Amino acid sequence: MAEENIYVTQPHLPPLEAFMPYLEQIWANKILTNGGPFHRQLEQALCEHLGVEHVALFSNGTLALITALQALRVTGEVITTPYSFVATAHSLLWQNCKPVFVDVEPRTLNLDPAKIEAAITPQTTAILPVHCYGNPCDTDAIQQIADNYNLRVIYDAAHAFGVRDAGGSILRHGDLSVLSFHATKVFNTFEGGAIVCPDAKTKQRIDHLKNFGFVDETTVVAPGINAKMSEINAAFGLLQLQHMPHVMQRRAEIDAQYRTQLAGIPGITCLPKGHQTVANHAYFPILVGPDYPLGRDALYDKLKAHGIYARRYFYPLIADFPMYRGLPSATRANLPRASLASEQVLCLPIYPSLPSEKVDFIIKKISFENDVALVAGVR
């Protein structure tokens with residue numbers, strides 16, 4: 001019997017029958033969007049779950065990033081990472097800002113604070129770091145630089161739902177933090193996103209911007225956009241929150257299984273854990289080094305041939321895409337660590353419904369256990 005394909009992630013979906021009462025309520029209310037009751041309930045529930053004061057919901061994380069930049073009136077040059085999903089940098093282009101790429105730390109693959117200061121110019125107005133794979137950035141060092149140069153800090157926290165450090169939620173850092181609730185994320189609302197705001201005044205401005213700039217029926221105060229989360233998405237989010245303890249626990253179990261069983265394989269390095277006190281295990285990246293019998297791409301192809309769809313997150317680098325590679329900061333000489341990571345990284349499947357025996361199967365294919373000898377040309 002052919003093996004069922006194993007993808008890098010699958011969305012957690014509660015039982016369909018559990019969602020039906022929410023849909024029945026939406027049908028009864030006849031309120032589908034524009035900040036309806038489920039929208040308001042989810043904002044409050046997320047504040048409580050995440051340990052933050054104010055959350056503004058969005059239809060997706062990319063529009064949330066764009067609106068965060070608009071809300072803080074960010075212009076000019078913005079220092080950011082080349083090692084992320086392309087939406088991070090795209091949000092800057094949408095706001096007519098110039099991305100300035102700096103290299104990453106070798107352990108976390110997050111923006112390296114030691115590289116930031118040299119990239120600051122009189123045109124620099126902000127820093128846009130990413131908590132890559134849910135591992136926290138060096139927020140203290142980044143904030144110190146921002147304070148010294150009067151820069152804004154917006155965290156792309158798309159990977160960081162539920163992550164905490166010694167002081168609480170990592171979403172409290174910077175001027176704003178932006179979440180994604182895309183179907184591939186730890187917590188999803190099919191599509192969705194949010195901005196974590198430090199105060200009620202900032203949230204009010206962001207709420208205006210995501211609704212065309214309307215303050216009331218006849219008053220428009222800014223060229224906002226339509227980025228509101230629908231009632232169906234918000235209702236699904238409320239149901240999803242009930243399942244988060246199981247989701248987080250199962251992800252942690254899979255992470256531990258990978259780390260234990262991959263530890264002795266030459267040339268395979270698991271990315272070290274960060275300084276978080278609560279992790280969400282959003283991804284499981286490995287680095288395929290020169291001591292491994294296959295190159296990263298050959299291992300990717302081997303796994304795919306066995307129905308295991310790992311992903312090369314993040315490859316290519318953002319800096320290698322056509323709209324960015326002409327920037328002076330996009331050269332590989334400026335980004336040696338990020339470039340090496342993009343050539344070595346492979347994210348293995350991790351999601352709550354992934355059985356332990358499937359994880360064993362993946363690890364056996366990486367370790368060549370039970371494989372016919374390589375000389376036979378069989379994987």
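Phenylalanine 190 is partly exposed in this predicted model, because its relative accessible area of 34% lies between the 20% limit for buried and the 50% limit for exposed residues. Phenylalanine 236, in contrast, counts as buried, since its relative accessibility is 3%.

A search of the whole structure finds 19 aromatic pairs, and two of them are set out below.

| Pair | Centre to centre | Angle between planes | Class |
|---|---|---|---|
| Tyrosine 22 and phenylalanine 38 | 5.7 Å | 50 degrees | tilted |
| Phenylalanine 190 and phenylalanine 236 | 4.2 Å | 25 degrees | stacked |

The pair of tyrosine 22 and phenylalanine 38 links distant parts of the chain, with tyrosine 22 in helix H1 (residues 16-29) and phenylalanine 38 in helix H2, 16 residues apart, and both of these residues are buried. The stacked pair also links distant parts of the chain, for phenylalanine 190 lies in the loop between E9 and E10 while phenylalanine 236 belongs to helix H8 (residues 231-241), 46 residues away. Together with Phe19, the residues Tyr22, Phe38, Phe190 and Phe236 form one aromatic cluster.

Rings also meet charged side chains: the charged end of lysine 210 sits over the ring of phenylalanine 58, 5.4 Å from its centre, and arginine 312 lies over the face of tyrosine 300, at 3.9 Å from the ring centre.

Helix H7 (residues 200-209) has Thr202, Lys203, Ile206, His208 and Leu209 as buried residues, and the buried residues of H7 pack against several elements, among them helix H2 (37-50), helix H3 (61-71) and strand E10 (193-197). At the N-terminal end of H7, aspartate 199 acts as a cap, with a side-chain oxygen 3.3 Å from the backbone nitrogen of lysine 201.

Methods
Residues numbered from 1 in each chain as written. Predicted model: local features only at pLDDT ≥ 70, side-chain atom pairs only at ≥ 80, totals over all residues. Heavy atoms only, no water. Buried < 20%, exposed > 50% of the residue type's maximum accessible area, 1.4 Å probe, protein only. Helix = DSSP H or I, 4+ residues; strand = E, 2+ residues; numbered from the N terminus. Contact = heavy atoms within 4.5 Å. Polar contact = N/O pair within 3.5 Å; in protein donor to acceptor, adjacent residues only side chain to side chain. Phe/Tyr/Trp six-rings, centres within 6.5 Å; stacked < 30°, edge-to-face > 60°. Lys NZ or Arg CZ within 6 Å of the ring centre and 35° of its normal.
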